[in-house]
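Visitor: Could we go through this model together, one local feature at a time? I would like the criteria stated as we go.

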Amino acid sequence: MRNPMFVFDEKMADLVLGYCRQRLALDPVPLDYGGYAASLPSSLRDVLGGLISPEGNDPARVLELFSDHLATAVISADSPRYLSFIPAAPTKASLLFDMVVSSGSLHGTSWLEAAGAVAAENQVLTFLAELAGLPKGAGGCFVSGGSAANLSALMVARDTASLRGNTTQRPRIACTDEAHSSVGKALHVLGVEPFLVPAVDHRLSGEVLEAALSSDQPGAADVVGVVATAGTTNAGLIDDLSGVGAVARRRGLWFHVDGAYGCGALLSPAARPLFDGMELVDSFVVDPHKWLFAPYDCAALIYRQPALAKAVHTQDAAYLDVIHVALPGSAGAGAAGAGDGEAGTTGAGPGAAGSGAETDTGDEPWNPTDYAYHLSRRARGLPLWFSLAVYGTDAYRDAVETALANARAAAALISATPYLELVREPTLSIVLFRRKGWSRSDYENWSARLLADQVAFVTPTSWEGEPTARFALLHPDTTADIVREIIETMA
Ligand SMILES: Cc1ncc(COP(=O)(O)O)c(C=O)c1O
């Protein structure tokens with residue numbers, strides 16, 4: 001008898017797809033509750049008790065348990081009332097296509113196995129590279145998140161330093177203490193010391209970087225790369241990308257931009273000048289699961305010269321040799337051969353030279369596994385690809401610009417509210433403000449109450465040592481009315 005796990009069960013399919021259909025139709029989705037003990041309807045341990053058993057369970061019972069007890073204990077990051085951390089706002093098309101990726105077990109490790117998926121992912125990477133102003137030939141892969149992308153990019157920065165003339169045994173990467181925590185974590189994993197440059201008004205500038213590198217600060221000569229942030233998580237600030245990029249170019253440093261949150265705004269022509277200097281990067285990351293309206297988990301990691309990344313990241317094993325050989329019939333088979341170490345050359349990437357973006361994707365053998373520290377990978381760029389193809393880039397531009405406008409409107413409302421104080425005008429879509437007279441515990445109590453009342457999920461942060469309220473406004477449906485409703489609870 002066949003193992004029933006591998007037999008299509010129409011009833012179970014109807015059950016689960018019915019749930020998905022219902023969730024997708026919710027407008028808006030409920031905010032729900034996370035791990036706040038006071039808001040949990042019952043002990044999760046009690047709910048889950050005995051569920052994993054030799055005999056299994058009726059799927060209807062398990063789904064009901066999930067729907068009634070587990071799903072409600074997950075705050076909906078895609079709710080327009082979720083304004084903490086960095087929210088999610090996946091489009092309906094991207095969520096639907098995520099189910100296609102799951103149903104089809106779509107993977108995207110190598111061209112040999114998954115040319116169709118890889119070609120589509122590369123079409124999106126080319127689009128993003130062009131937005132950043134990178135030349136043809138730029139490319140990379142989708143990884144699970146900004147943290148994975150930063151680690152993968154900085155590994156290339158470290159391992160290619162000698163090609164740029166720095167043979168230090170103690171490589172360092174310059175950044176400010178405003179860089180995302182994942183940058184510090186990546187450097188720790190890589191055994192690379194940060195070379196801390198003071199931030200001026202919370203931003204890294206080319207001038208201060210140059211001064212630090214020219215000083216007798218210990219480690220200055222060991223610096224092999226620099227990380228700038230395009231959209232800090234706490235405040236949405238953008239470093240002096242053109243100044244930092246110019247210093248990096250002059251000194252032969254790897255220039256990485258962490259735009260995990262902020263680079264979504266590259267889609268806005270109005271915001272684009274804020275990113276001047278992006279065209280100088282050696283690598284950058286933007287998380288579509290943040291401000292490009294894709295489902296988790298999806299980060300685009302793009303290199304100016306993918307061959308450099310390939311030389312660092314390609315995994316060698318006897319059983320993998322087959323994915324690195326030239327594929328008969330492929331237009332550019334073998335053009336960027338495995339581990340070829342063509343430092344300083346441009347690989348046959350998603351935007352490989354010779355033709356326009358529309359025609360130069362889809363023909364080149366390309367192994368996404370070669371461009372980050374991973375091997376097997378889900379074709380996680382496809383939900384974004386489908387959604388971009390369906391709705392068009394204008395709809396994305398409009399959604400990004402709505403968030404930018406919502407942030408400006410929220411800032412204006414805060415400025416006009418006597419009991420509040422705007423910390424600074426928003427650069428992107430994050431708004432920092434204070435309730436006059438409140439302590440940290442006032443903010444925390446208010447935040448818990450907001451969630452318990454299902455008004456919003458807004459967590460406090462701090463700014464220059466003071467407790468501060470923070471709105472991250474990237475869902476286009478976070479209306480002025482929602483913002484006003486939240487603000488009125490602080491009176
Ligand atoms: C600027 C920045 N970099 C990196 C990250 C880490 O990204 P992820 O959570 O996708 O790993 C974040 C997350 O908020 C971020 O805002």
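Guide: Ser 105 counts as exposed, with 8 C-beta neighbours inside 10 Å. A residue is called exposed if 12 or fewer other C-beta atoms lie within 10 Å of its own, buried if 20 or more do, and partly exposed in between, with C-beta atoms placed from the backbone. This is a predicted model, in which local features need pLDDT of at least 70, side-chain atom pairs count only at pLDDT 80 or more, and totals for chains, interfaces and linings use all residues. Residues are numbered from 1 along each chain as its sequence is written.

Visitor: Where is Ser 105 placed, and what about its phi?

Guide: Ser 105 is in the loop between helix H4 (92-103) and helix H5 (111-132). Its phi is positive, about 45°, although Ser 105 is not a glycine. Helices (H or I, at least four residues) and strands (E, at least two) are DSSP runs, numbered from the N terminus.

Visitor: And what is phi for Asp 32?

Guide: Phi of Asp 32 is near 65°, a positive value in a residue other than glycine. Asp 32 belongs to the loop between H1 and H2 and is partly exposed, with 17 other C-beta atoms within 10 Å.

Visitor: Cis peptides next. Which residues do they join?

Guide: One cis peptide bond joins Asp 27 and Pro 28, with omega about 5°. Pro 28 sits in the loop between helix H1 (10-25) and helix H2 (44-48). Another cis bond joins Tyr 296 and Asp 297, with omega about -10°; Asp 297 is in the loop between helix H10 (288-291) and strand S7 (299-303).

Visitor: Moving to H8, which residues are buried there?

Guide: In helix H8 (residues 206-214), the buried residues are Gly 206, Leu 209 and Leu 213. They cover an arc of only 65° around the axis, which puts them on the same side of H8; the arc is that of the directions from the helix axis to the C-beta atoms. On the other side of H8, Glu 207 and Ser 214 are exposed.

Visitor: What do the buried ones pack against?

Guide: They pack against strand S2 (172-175), strand S4 (223-229) and helix H9 (241-251). Contact requires that the C-beta atoms of two residues, placed from the backbone, lie within 7 Å.

Visitor: What is the angle between H8 and H9?

Guide: H8 and H9 pack at an angle of about 35°, with their axes 7 Å apart. The contact is made by Gly 206, Glu 207, Leu 209, Glu 210 and Leu 213 of H8 and by Gly 243, Val 244, Ala 246, Val 247 and Arg 251 of H9. Axes are lines fitted to C-alpha atoms, for helices over the stretch in contact, and angles run from 0 to 180 degrees between N-to-C directions.

Visitor: Now the sheet with S8. What is the strand order?

Guide: Four strands form an open sheet in the order S8-S9-S11-S10, with antiparallel pairing. Strand S8 (420-422) and strand S10 (461-463) stand at the edges, each with a single partner strand, so one side of each is left without a neighbour in the sheet. Two strands pair if DSSP finds at least two bridges between them.

Visitor: How many bridges join S9 to S11?

Guide: There are 4 bridges between strand S9 (residues 430-435) and strand S11 (residues 466-472). Val 431 stands opposite Phe 471 in S11.

Visitor: Last topic: how many residues surround the ligand?

Guide: The ligand is surrounded by 14 residues, the closest being Gly 145, Gly 146, Ser 147, His 180 and Ala 260. The criterion is a C-beta atom, placed from the backbone, within 6 Å of the molecule.
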